[in-house]
Amino acid sequence: MKKTLIVNYTPRVDSNTKKMVDYFIESNKMKTEITFLDLTEETPDLLLKDNLNLYVARNFGGVALSKDQQNVLSKNDKMMTQLLDTDFVVLASPMYNFTIPATVKAWFDAVIQAGRTFAYTDTGIKGLCENKQALILMTSGSDFDSEPYNKVNFATPLLLTSFGFIGIPAEAINSFGLVQYADKVEEMLANSKRKIDLLSKKWY
Ligand SMILES: Cc1cc2nc3c(=O)[nH]c(=O)nc-3n(C[C@H](O)[C@H](O)[C@H](O)COP(=O)(O)O)c2cc1C
């Protein structure tokens with residue numbers, strides 16, 4: 001059975017993004033082996049002085065770390081290994097302040113690792129994650145298809161680029177405008193669920 005990693009950041013009570021990811025899981029749990037990573041409970045370490053310098057020394061400088069030093073990187077390394085070990089990845093998150101929440105960015109900072117998930121080659125950067133696909137499930141308060149916000153959705157390009165950078169083709173199913181069009185929330189979520197059905201048929 002193929003494996004699916006769910007990377008979930010839906011901390012709000014009655015989260016609409018959670019409704020989308022719950023629907024994905026309920027629809028597909030018999031067809032794939034699911035690993036659920038809740039970023040609000042298992043939160044990646046921010047890259048600060050200690051871990052950043054160890055990461056750079058190891059991944060860019062080829063330095064062999066001691067066991068204690070490896071331990072400093074172990075939480076983020078575990079998340080990277082989890083990603084390398086899956087066939088499909090579903091990232092569920094709301095949009096915060098025109099982009100992705102810092103916690104979700106911290107997950108990308110954990111899993112985008114030189115020499116492990118991408119490499120520098122003679123012909124440029126190469127993503128090392130092979131034979132994987134990603135789905136992004138995102139909600140927002142405002143409509144990003146029309147003025148004044150139609151040019152400031154920095155979340156979707158960042159997510160597609162980040163997955164692509166490590167070799168994972170990704171597609172996004174967005175329910176944008178859930179606050180702006182509060183009377184249409186159920187309709188918009190139902191529309192996203194239909195898209196999830198179509199993608200699920202393609203994947204499994
Ligand atoms: C801290 C914070 C920042 C937000 N920033 C934006 C934003 O930049 N653009 C937007 O359209 N909505 C923004 N929102 C609204 C949420 O994206 C929107 O309500 C989303 O559907 C919430 O997802 P949830 O129901 O899963 O919590 C923000 C909400 C919060 C709590």
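**Exercise 1. Locate phenylalanine 98 and asparagine 97 in this predicted model, and describe their backbone and exposure.**

Step 1. Phenylalanine 98 sits in the loop that links S3 and H4. Asparagine 97 is found in the loop between S3 and helix H4 (102-111) as well.

Step 2. Read the phi angles. For phenylalanine 98, phi is near 70°, a positive value in a residue other than glycine. For asparagine 97, phi is near 50°, again positive in a residue other than glycine. Most residues other than glycine have a negative phi.

Step 3. Classify the exposure. Exposed means over 50% relative accessible area, buried means under 20%, and partly exposed lies in between. Asparagine 97 has 70% relative accessibility, so it counts as exposed. Phenylalanine 98 has 35%, so it counts as partly exposed.

**Exercise 2. Find the cis peptide bond and state where its proline lies.**

Step 1. The cis bond joins glutamate 147 and proline 148, with omega at about 5°. Most peptide bonds are trans.

Step 2. Proline 148 belongs to the loop between S6 and helix H5 (155-165).

**Exercise 3. Work out the strand order of the open sheet and explain which strands form its edges.**

Step 1. The sheet has 5 strands in the order S2-S1-S3-S6-S7, and their pairing is parallel.

Step 2. Strands S2 (33-38) and S7 (170-175) each have a single partner strand, so one side of each is left without a neighbour in the sheet; these two stand at the edges. From one strand to the next, the twist averages 15°.

Step 3. Look at one pair in detail. S1 (residues 3-8) pairs with S2 in the parallel sense over 6 bridges. Within this pair, leucine 5 stands opposite threonine 35 in S2.

**Exercise 4. Describe how helices H1 and H6 lie on the sheet.**

Step 1. Helix H1 (residues 16-28) lies across S1, S2, S3 (88-94), S6 (133-139) and S7. Its direction runs at about 145° to S6.

Step 2. Helix H6 (residues 185-203) packs on the sheet and touches S3, S6 and S7. The direction of H6 makes about 160° with that of S7.

**Exercise 5. Summarise the whole chain and judge its compactness.**

Step 1. Count the elements: the protein chain has 6 helices and 7 strands. From the N terminus on, they run β-α-β-α-α-β-α-β-β-β-α-β-α.

Step 2. The radius of gyration is 18 Å, close to the 17 Å that the globule rule gives for 204 residues, so the chain is as compact as a globular protein of that length.

Step 3. Buried residues make up 43% of the 204 residues.

Methods: Residues are numbered from 1 along each chain as its sequence is written. This is a predicted model: local features need pLDDT of at least 70, side-chain atom pairs count only at pLDDT 80 or more; totals for chains, interfaces and linings use all residues. Side-chain values use heavy atoms; hydrogens and water are left out. Two strands pair if DSSP finds at least two bridges between them. Helices (H or I, at least four residues) and strands (E, at least two) are DSSP runs, numbered from the N terminus. Axes are lines fitted to C-alpha atoms, for helices over the stretch in contact, and angles run from 0 to 180 degrees between N-to-C directions. Contact means heavy atoms within 4.5 Å. Buried means under 20% relative accessible area, exposed over 50%, partly exposed in between (1.4 Å probe, protein chains only). The radius of gyration is taken over C-alpha atoms; the globule rule is 2.2 Å times the number of residues to the power 0.38.
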